[in-house]
Amino acid sequence: MTGDRSDAPGDDDAAQSRYDQARYVENGEYEPLLSEKDRTRVEIGGDDAPGTDGGGTSPLPDDLTRDSLELPELSEPELARHYTRLSQMIYGIDSGPYPLGSCTMKYNPKFTEDVAALPSAAVHPDRSEGSVQGTLELLARLQDYLGRIGGMDAVTLQPPAGAAGEFVGIRVAAAYHEHNGEGHRDEVIVPESAHGTNFASAALGGYDVVSLPSDDEGRVDLEALEAALSEDTAALMLTNPNTLGLFERDIEEIADMVHGVGGLLYYDGANLNALLGRARPGDMGFDVMHYNVHKTFATPHGGGGPGAGPVGVVSDLAPFLPAPRIRERDERSTTGEPIYERFDPEHTIGKVHGFDGNWLVLVKAFAYIARLGDEGLADASASAVLNANYLAQRLEYDVPYGPFHHEFVASAGEQDAADVAKRMLDYGVHPPTTKWPEIVPEALMTEPTEVESKATLDRLAAAFNAVADEDDDTLAAAPERTTARRIDQTSAARTPRLSWQALGDDS
């Protein structure tokens, strides 16, 4: 099924914007919105109307009440087919490969959803500790799992997202320095190729951000780092492998340099998927890190829903973690079972989220780690690296930096990377991340993850290579086969229409 904005009735801008919506049907005409279908007036007043006093009188002001409303006349098949059709127009990880570089869009296994949906998982967070021992045990075990995976001594599960975890890590670092009488440290060093959230988290934490250039090989420039380090340095934020997929070979020297001036080394866990079961940030000299459970441990991405961004630290920073944390008590129950409790670290920065974090997201991460085990996690990282390298060698586009691990950044060369991405949609696959990191011109940042088969990688490579051989006019006109054509992304970002009621507005 294909669609084209040019088929939409009317030439005015409002009509064009209106028909960007995904509601194309096979006869070449756009179906009406559900709210535009034949309507009928429904009386809603009366003595027994909900929200009244039993005599038909509402406590609300008259201008906020009504006696009737119009509703579309819809049969169940119409409603089911409408939403089924819309779902078929959406591309997600259940539809096919999603090779967004640095996003680790791995498939979310459904068994984790099943575990989170168990009746026993529906636990109110305000119950007494004695009545939720199973919940606290799971959280304590997840803290232990994550600590061992990252080489950290203590972990908090409170932060509700990766970016929130970054901010918590920065606040913990600040509290540590302040406690040690070094509150004058007001700079955080961030590589120029780092995730944008690193710059934002450091700035939001009250620090001046010092940008660090890369060397000719795409890694940390040690001379530039030495020049940037000073007694004002609070931390260096680093991803390893970095955003080019390159492992920082000098990481131990980097750690020594940062620690030598009294700073802390922060690990952005965005690329931890490349290291699982094979290397640990703590062993490299990192002092604090956050975990992106939606990337590394297959919990769902985004969508405005709940997330989790646990933070791990070495022992010196443990007293500053958010409260509460979970621990096993020294004594046992009368039946010999371990007893778990919440506690506040000695110099805690306070609470950063309600209760113990986003419980059901953490349940999914725990289930994933427990199901795979040490061997499975190591196999996941090996497969992620293998898939990225296999896909890269199949592409006609140049990949300027290597050897890389779980992801790579190709260059679209003379083509516009954004146009390449739009055209790939016509081949039925999701495009990579584009235009970033800026160290690679017209960047196509690609991460297939460990879940894709060789056949899927071959299909992705075929799409990349087909687009590489096409002319600029074809790319500029893409996408042609999607339900909605190319939109004005700048206007959509600056003046979003957040309700269907605004679709006909000229403003």
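Take the lining of the largest cavity in this predicted model: its residues split into 6 nonpolar, 6 polar and 2 charged. The cavity they surround has a volume of about 100 Å³. If you want to find it on screen, start from Pro191, Ser193, Leu238, Asn242 and Glu248, which are the closest to its centre among the 14 lining residues.

There's another hole to look at, since the count comes to 2 cavities of 30 Å³ or more. The second largest holds about 50 Å³ of space. Its lining is made up of Leu139, Gln143, Thr156, Leu157, Gln158, Pro324, Arg325, Ile326 and Asp356. Two elements each give two or more residues to that lining, namely helix H4 (133–150) and strand E10 (325–332). Sorted by class, you get 4 nonpolar, 3 polar and 2 charged residues around this second space.

Now for the charged side chains. The structure holds 19 salt bridges, and a few are worth a closer look. Let's begin with Arg329 and Glu331, whose side chains meet in a salt bridge at 2.2 Å, N to O. Are these two buried or exposed? Neither, quite: Arg329 has 31% relative accessibility, so it counts as partly exposed. Glu331 comes out at 38%, so it lands in the partly exposed class as well.

Next, move to Asp458 and Arg394, where the side chains form a salt bridge with an N to O distance of 2.5 Å. This pair links distant parts of the chain: Asp458 sits in helix H13 (residues 454–468) and Arg394 in helix H11 (residues 359–394), 64 residues apart. Arg394 is partly exposed, because its relative accessible area is 31%, and the buried class takes in values under 20%.

A further example is Glu442 with Lys435, a salt bridge in which the closest N and O atoms are 3.0 Å apart. Glu442 has a relative accessible area of 24%, so it is partly exposed. Lys435, at 36%, is therefore partly exposed too.

One last thing to pick out is a network. Which residues do salt bridges with shared partners join together? They are Arg327, Arg329, Glu331 and Glu341, all joined into one network. You've already met two of its members, as Arg329 and Glu331 are the pair with the 2.2 Å contact.

Conventions
Residues are numbered from 1 along each chain as its sequence is written. This is a predicted model: local features need pLDDT of at least 70, side-chain atom pairs count only at pLDDT 80 or more; totals for chains, interfaces and linings use all residues. Side-chain values use heavy atoms; hydrogens and water are left out. On a 1 Å grid over the protein atoms alone, a cavity is a set of points where a 1.4 Å probe fits but cannot get out, and a pocket is an open set with protein on both sides within 12 Å along at least five of seven lines; lining residues have an atom within 4 Å of a point. Grid points are joined across faces, edges and corners, and a volume is the space filled by probe spheres set on the points. Ala, Val, Leu, Ile, Met, Phe, Trp, Tyr, Cys and Pro count as nonpolar, Asp, Glu, Lys and Arg as charged, and the others, Gly among them, as polar. Helices (H or I, at least four residues) and strands (E, at least two) are DSSP runs, numbered from the N terminus. A salt bridge is a side-chain nitrogen of Lys or Arg within 4 Å of a carboxyl oxygen of Asp or Glu. Buried means under 20% relative accessible area, exposed over 50%, partly exposed in between (1.4 Å probe, protein chains only).
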